[in-house]
Amino acid sequence: MTSPNPALERLTCVIPAGGVGSRLWPLSRANAPKFLLDLTGAGDSLLSATWSRLTPLTPSERIMVVTGNAHRESVLEQLPDILPENLVTESEPKDSSAAIGLAAAILELRDPDAILGSFAADHVIRGDVLFRRAVATAVRAADQGYIATIGIHPSTPSTGFGYISCGEARTDLAPFDLYDVTEFVEKPDAETAEGYLKAGGYLWNAGMFIAKASVLLEQMALAEPEMVDALREMAASWGKKRGAEVRERLWPTLPKIAIDYTVAEPAAAAGKMVCVAAHFEWDDVGDFASVANLLTRGRPSDLAVLGDGAQVLSDGSSGIVVSESDRLVALVGMEDVVVVDTADVLLVTTKERAQDVKRLVERMKVTGGGHLL
């Protein structure tokens with residue numbers, strides 16, 4: 001069957017699978033980060049769900065995963081159809097510029113006209129048809145030399161997400177839902193976020209990027225030329241005998257910097273960035289409050305329960321209970337509570353303070369609790 005969008009035939013999807021997800025501790029840990037977990041109760045990990053979402057867009061031989069050395073075997077177990085040459089492992093985390101940049105450098109060598117789409121391993125999306133339509137629109141723009149991103153219509157004045165300020169509609173590139181990006185905005189305070197929602201023209205930054213691999217690297221090289229040189233050198237040795245030696249020598253020298261700063265923000269300032277305003281439901285599952293929201297479909301008065309065989313007795317309580325033990329968890333009159341019961345840690349907090357779990361993790365790193373992380 002002929003594709004109505006020929007550029008889709010040059011699309012390779014890249015799944016960055018990194019980060020521990022410290023706001024989801026003690027469920028998410030270094031040896032079992034959140035992308036390897038089932039946080040929706042659907043029976044699939046977030047990584048597996050991402051793979052399944054992408055296969056209707058592009059065949060499995062054109063899906064890459066970038067992850068840490070420690071998670072290689074787990075990724076292979078969860079994604080049996082991935083080609084070995086498409087699993088890119090990092091010796092240490094270097095943030096998204098290095099991860100996505102290395103994938104882009106490998107793709108650039110395979111096909112100078114390749115289009116890369118980067119989609120995080122740990123996001124939850126509902127509305128796969130709308131997702132595919134948004135990606136197809138972004139690919140059309142990428143084929144014309146732009147760097148595209150996908151923004152989400154905000155449902156609340158969230159302070160947990162960055163925002164994209166959209167400018168003029170780009171009907172020359174797509175008939176609808178495509179706009180110039182005028183600015184990327186860091187996570188705002190509550191008053192600013194409320195203003196964005198009232199003003200309109202602002203979308204949540206979902207961290208998805210679609211561009212020709214060569215265009216993305218050229219933009220990155222303007223900010224970090226030495227890093228791009230190193231990435232291209234590693235890509236040139238990929239799959240060869242000297243490849244491991246080259247990566248071992250160069251990877252530790254790379255700066256730890258997000259792709260927002262090396263590509264997205266400077267591309268927007270230069271007028272090279274466009275945004276698809278998407279209509280699917282999206283969540284980055286950043287903390288237990290967002291997990292509760294997903295499981296209850298946004299009903300704050302409900303109590304969400306996650307865990308195989310979890311035993312929970314509740315009277316007049318709301319929030320979320322995550323249980324990995326065989327203990328009975330009993331709640332009476334607890335509103336918006338978060339209870340996470342694992343074999344070695346019991347966490348109790350509230351949905352309002354769920355983001356602050358990360359502070360406990362940081363404290364444990366310096367107080368001798370690293371064995372629990």
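How many residue pairs are in polar contact between domain 1 and domain 2? The count is seven, with both residues at pLDDT 80 or more. A polar contact here is a pair of N or O atoms within 3.5 Å; within protein, one must be able to donate a hydrogen and the other to accept it, and residues adjacent in sequence count only if both atoms are side-chain atoms.

This is a predicted model, where local features need pLDDT of at least 70, side-chain atom pairs count only at pLDDT 80 or more, and totals for chains, interfaces and linings use all residues. Residues are numbered from 1 along each chain as its sequence is written, and side-chain values use heavy atoms, with hydrogens and water left out.

**The two domains**

The domain assignment splits the protein chain into domain 1 (6-283) and domain 2 (288-372); such bounds come from an automatic or database assignment. Their contact (heavy atoms within 4.5 Å) takes 15 residues from domain 1 and 21 residues from domain 2. The C-alpha centres of the two domains lie 29 Å apart.

About 1800 Å² is buried between domain 1 and domain 2, and carbon and sulfur atoms give 61% of that area. Buried area is the accessible area (1.4 Å probe) that two parts lose on being put together, summed over both. In domain 1, Arg23, Trp25 and Leu27 lose the most area to domain 2, together 39% of what that side buries.

**Salt bridges**

A salt bridge puts a side-chain nitrogen of Lys or Arg within 4 Å of a carboxyl oxygen of Asp or Glu. The structure holds 20 of these salt bridges. Two salt bridges cross the interface of domain 1 and domain 2. Two pairs from the structure are listed here.

| Salt bridge | N to O distance |
|---|---|
| Arg29 and Asp344 | 2.7 Å |
| Asp113 and Arg10 | 3.3 Å |

Asp113 sits in the loop between helix 3 (95-110) and strand 4 (115-118), and Arg10 in the segment before strand 1 (11-17), so the pair ties together parts 103 residues apart in sequence. Helices (H or I, at least four residues) and strands (E, at least two) are DSSP runs, numbered from the N terminus.

**Annotated spans**

UniProt, in an unreviewed entry, places "domain: Nucleotidyl transferase" at residues 14-292. That stretch is 38% helix and 22% strand. The same kind of record gives "domain: MannoseP isomerase/GMP-like beta-helix" (unreviewed entry) for residues 317-363. Residues 317-363 are 15% helix and 43% strand, with end C-alpha atoms 30 Å apart. UniProt annotations may be inferred rather than shown by experiment.
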